[in-house]
Each structure stands twice: as C-alpha cells, then as structure tokens.
Amino acid sequence: MLEELFRLDHLTTRMRRHAEGLIILSGNAPGRAWRKPIPMYDVVRGAAAEVEDYARVNVLPMEDHGLDGAAVADVIHLIAELIENATVFSPPHTTVSVRGEIVGMGFAVEIEDRGLGMTNERLAELNERLANPPEFDLADTDRMGLFVVARLATRRDIRVTLRPSPYGGTTAIVLIPSVLMVGPKDPDLARLAAGEVTPEDIILASLQRGPQENENTGEEDRK
C-alpha cells in the first residue's frame, strides 16, 4: 500500500510538471517560487524526484553553493526534463548519473546516460534548437521536453549543451550563470545572522582556539 501511495504521489508530481510545461510554452511562468536560495544539491535532487524512473538516477554530492530562489522553479523543471530524456533514451537496467560543480562562469550540472547515443548531425541539430529555440510545433510532441528546456534556458540565460558520453550515451551539460548562484557562507557568520551567537562569542571562541592549536603543534613537534 505504501508503494502505491508513493507511486500516486509521484504521478501527481509528474502531472504538475507537464502542466507547467504547457504554461511555459504558452509564454507564461509557473506559480511555484522560493524567496531564499536553495542548495544546488537539493535543487538537483528535487528535479530527479519529478522523473518517472527516479530510482535509476544517481545524484552525486555537490559543493555547498545555493541557487537564487527566484530561479529555483525554472532550474528544477529544466533539469527534470533533461533527466527524464536520459532515462527514456537509455536501457532500463542502466543508471543516469548527475553531478555538479562550481566553474569559472557559474555552476555546471552534468547529466550522463548509458544509452546508444546520437549521431553528430543529430547532436548538432538539437544543440541548435537549444541555443535558438524555434516556435513550438504541436506535431513534435515527442520532443516537447526539449522545447521547454530551450524556453527556460533562454529565460534564465542558462546554456544547455549535448555531447557524446565516453560510455556511448549522451551527456547534457547545464551551465547556470554566476549571477544566479549564491556562495557558501561562513558558519560563524550564518549563526550570527540567525541570532544564535553574539560577536563577542565568536571573538572569544577564536582566541580560545588559538592557544590550543599552538599547544597541539608544539606537542607534535616534540614527538
């Protein structure tokens, strides 16, 4: 019974995402929004949870960087569409790996499948669609997800590129610009902002750590 409840909950989530996809293609924005930055690891995990074969998705640990709350809904939807494509176009016994790291121009998320891959011509065609999205064609519903990805990428100035994977499948690279990223905060400053400690507490803690570290260093040198 619990398994069926999870299945129904997941089906409802996918139905909402598809409804949002139609809203995006119509030129409007979905209703979901976050006020505060969300860690990228949680953003990617949220995207994976919206995919039918979520159990096949392996989200690797990521650096402690956050995404601007205003862009969270769009990025979750964009990454979910790419993950779903990766699961649909790869054998059911394989996994889809998702990793992310901070790079010079922002934050890069890589979605890699173990499918049969695509020809260079097909990759070039899809990359052109992603860079310069055409008008949505109702006859091309099989690729509706890529139309949605292209619209969202254009809205947030995100660059999405498809390339061959070393394992024979396809890797989708999502480059989120630096202006949408929020760097990790110093833990002491975060506690200060939350009102958990006072500035005096932080100063005293730093002074107390100093002599202890020097004493430990001296003991190790004598040994």
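## A tour from the small sheet to the helix pair

Start by selecting residues 66-67, strand S3, together with strand S8: the two run antiparallel and are joined by 2 bridges. Pick out Gly-66 here, and you will find its bridge partner, Val-182, in S8. Keep in mind along the way that this is a predicted model.

Now add strand S1 to the selection. The open sheet you see has 3 strands, ordered S1-S3-S8, with antiparallel pairing. Its edge strands are S1 (38-39) and S8 (181-182), each of which pairs on one side only.

**Next stop: S7 and its partners**

Select residues 170-177, which form strand S7, and residues 159-164, which form strand S6; these pair in the antiparallel sense over 6 bridges. Two pairs are worth labelling: Arg-159 has Leu-175 of S7 as its bridge partner, and Leu-162 has Ala-172. Then follow the chain through the hairpin, where 5 residues lie between S6 and S7. Stop at Gly-168 in that hairpin, which takes a positive phi near 100°.

Which strand pairs with S7 over 7 bridges? Select residues 106-112 to see strand S5, which is antiparallel to S7. Ile-111 stands opposite Ala-172 of S7, the residue you have already met as the bridge partner of Leu-162.

Before leaving, show the side chains of S7. In a regular strand, side chains alternate between the two faces of the sheet. Here Thr-170, Ala-172, Val-174 and Ile-176 point one way, while Thr-171, Ile-173, Leu-175 and Pro-177 point the other way. Are these residues buried or exposed? Both sets are buried, so 8 of the 8 residues in S7 fall under 20% relative accessible area.

**On to the helices**

Select helix H4 (residues 120-131) and helix H5 (residues 144-156), whose axes come within 8 Å and cross at roughly 45°. That angle is why H4 counts as oblique to H5. To see the contact itself, show Leu-126, Arg-129 and Leu-130 on H4, then Leu-146, Phe-147, Val-149 and Ala-150 on H5. By class, this contact has 6 nonpolar residues, no polar ones and 1 charged residue.

**Zoom out**

Finally, bring the whole protein chain back into view, with its 7 helices and 8 strands. Of its 223 residues, 38% are buried. Switch on the surface, and you are looking at about 13300 Å² of accessible area, 55% of which belongs to carbon and sulfur atoms. Among contacts with a separation of 6 or more, 68% involve residues 24 or more positions apart.

Definitions and conventions. Residues are numbered from 1 along each chain as its sequence is written. This is a predicted model: local features need pLDDT of at least 70, side-chain atom pairs count only at pLDDT 80 or more; totals for chains, interfaces and linings use all residues. Side-chain values use heavy atoms; hydrogens and water are left out. Helices (H or I, at least four residues) and strands (E, at least two) are DSSP runs, numbered from the N terminus. Buried means under 20% relative accessible area, exposed over 50%, partly exposed in between (1.4 Å probe, protein chains only). Contact means heavy atoms within 4.5 Å. Accessible areas come from the Shrake-Rupley method with a 1.4 Å probe; for residues, only the protein chains shown count as cover. Axes are lines fitted to C-alpha atoms, for helices over the stretch in contact, and angles run from 0 to 180 degrees between N-to-C directions. Angles under 35 degrees count as roughly parallel, over 145 as roughly antiparallel, 65 to 115 as roughly perpendicular and the rest as oblique. Ala, Val, Leu, Ile, Met, Phe, Trp, Tyr, Cys and Pro count as nonpolar, Asp, Glu, Lys and Arg as charged, and the others, Gly among them, as polar. Two strands pair if DSSP finds at least two bridges between them.
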